[in-house]
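Please examine the sequence and the three-dimensional structure shown below. The paragraphs that follow proceed from the overall plan to the interior and then to single residues.

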Amino acid sequence: MLLDDFLPVYDVSDAVATVVRTDLAGAWDALMEVDLIDVGRQRPLVALLGAIRTLPDIVSHVLHGEIPQGPPKQLRLRDTTSIPLNEGGWVLLGERPRDEIALGLVGKFWRPVIDFAKVTAESFRDFAEPGYAKTIYSLSVRALENRRTLLSGVMRTATTDEHARRWFRRYWTLGVGSGAHVLVNGLLDVTREIAEARKEALGS
């Protein structure tokens, strides 16, 4: 998996999965087309967690006399790779169509306003500057019997030194770990609903 290629050794991990009652192609297409803004509308807790995470950055913009940009009208997974990191962007590490997509970030996530490191897909794996954490989200599909699909999301984080490890573990145990679980679970749940609704509409 891309997950293992980019972050084989890690400090924490979390996984979420759901079975979708449609074929692999239908599940993958729904995953690529799901609107992350709409996920927040349909799952208020997801929206709340996202707002809490971005609030310090908004306040920082205001204090510096800058006008923070409003959220986009629509945001798909691939769209997150074309927006700034401090506005919810991610680095596309790799994609295997109808199999897996992997997104990554490197930053000091425990800070109120995250200090991101600029990395590329090529530099992510070997990035080792002290004081940072490297996070990867892998979203994948796997065919099951009876035209069903296993839709999975796995998050892994590795730290680059002991100092970062201590800070990240505090951050993670204060509820961020469960929050990350809720966010990915909401994404997969809405994706499943979209894929199954499409299948039902087609009568297949």
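From the N terminus on, the elements of this predicted model follow one another in the order α-β-α-α-α-β-β-β-α-β-β-α. The protein thus consists of six helices and six strands. Two of the elements to keep in view are strand β6, at residues 148-159, and helix α6, at residues 162-202.

How much of the protein is buried? Of its 204 residues, 42% are buried. The accessible surface of the protein amounts to about 10900 Å², and carbon and sulfur atoms hold 56% of this area. The contacts also show how the chain is folded back on itself: among contacts in the protein with a separation of 6 or more, 72% are made by residues 24 or more positions apart.

We now turn to the interior. In soluble globular proteins, nonpolar side chains tend to be buried together. In this model, the largest nonpolar core has 34 residues, and those with the most contacts inside it are L31, L77, F109, L139 and F168. Two or more residues of this core come from each of β1, α2 (24-33), β3 (100-108), β5 (133-144), β6 and α6. Helix α6 gives the largest share, ten residues. Apart from this core lies another one, of 17 residues, which includes L2, A117, V119 and F127. To see one member of the largest core in its surroundings, consider L31: with neighbours within four places in sequence left aside, L31 is in contact with L77, L139, L151 and T191.

Where is empty space left inside the protein? Rolling a probe the size of a water molecule over the atoms shows where empty space is left. The structure holds one cavity of 30 Å³ or more, and the volume of the largest cavity is about 30 Å³. Its lining is formed by D14, A15, V16, Y137, G153, V154, M155, A180, H181 and V184. By type, these lining residues divide into seven nonpolar, two polar and one charged. At least two residues of the lining come from each of β1, β6 and α6.

Strand β1 spans residues 12-20 and contains T18. Is T18 buried or exposed? T18 counts as buried because its relative accessible area is 18%, which is under the limit of 20%. When residues up to four places away in sequence are not counted, T18 touches T149, L150, L151, L188 and R192.

The loop between β1 and α2 holds T22. This residue is also classed as buried, because its relative accessibility is 6%. Leaving aside neighbours within four places in sequence, T22 is in contact with A27, R147, R148, T149, A195 and K199. T149 therefore appears in the contact lists of both T18 and T22, two residues that are classed as buried.

A final residue offers a contrast in its exposure. N86 is placed in the loop between α4 (44-63) and β2 (91-96). N86 is partly exposed because its relative accessibility is 37%, a value between the limits of 20% and 50%. How far apart in space are N86 and I114? Their C-alpha atoms are 7.5 Å apart, although 28 residues separate N86 and I114 in sequence.

Note on methods: Residues are numbered from 1 along each chain as its sequence is written. This is a predicted model: local features need pLDDT of at least 70, side-chain atom pairs count only at pLDDT 80 or more; totals for chains, interfaces and linings use all residues. Side-chain values use heavy atoms; hydrogens and water are left out. Helices (H or I, at least four residues) and strands (E, at least two) are DSSP runs, numbered from the N terminus. Buried means under 20% relative accessible area, exposed over 50%, partly exposed in between (1.4 Å probe, protein chains only). Contact means heavy atoms within 4.5 Å. Accessible areas come from the Shrake-Rupley method with a 1.4 Å probe; for residues, only the protein chains shown count as cover. On a 1 Å grid over the protein atoms alone, a cavity is a set of points where a 1.4 Å probe fits but cannot get out, and a pocket is an open set with protein on both sides within 12 Å along at least five of seven lines; lining residues have an atom within 4 Å of a point. Grid points are joined across faces, edges and corners, and a volume is the space filled by probe spheres set on the points. Ala, Val, Leu, Ile, Met, Phe, Trp, Tyr, Cys and Pro count as nonpolar, Asp, Glu, Lys and Arg as charged, and the others, Gly among them, as polar. A nonpolar core is a set of buried Ala, Val, Leu, Ile, Met, Phe, Trp, Tyr and Cys residues joined through side-chain atoms within 4.5 Å.
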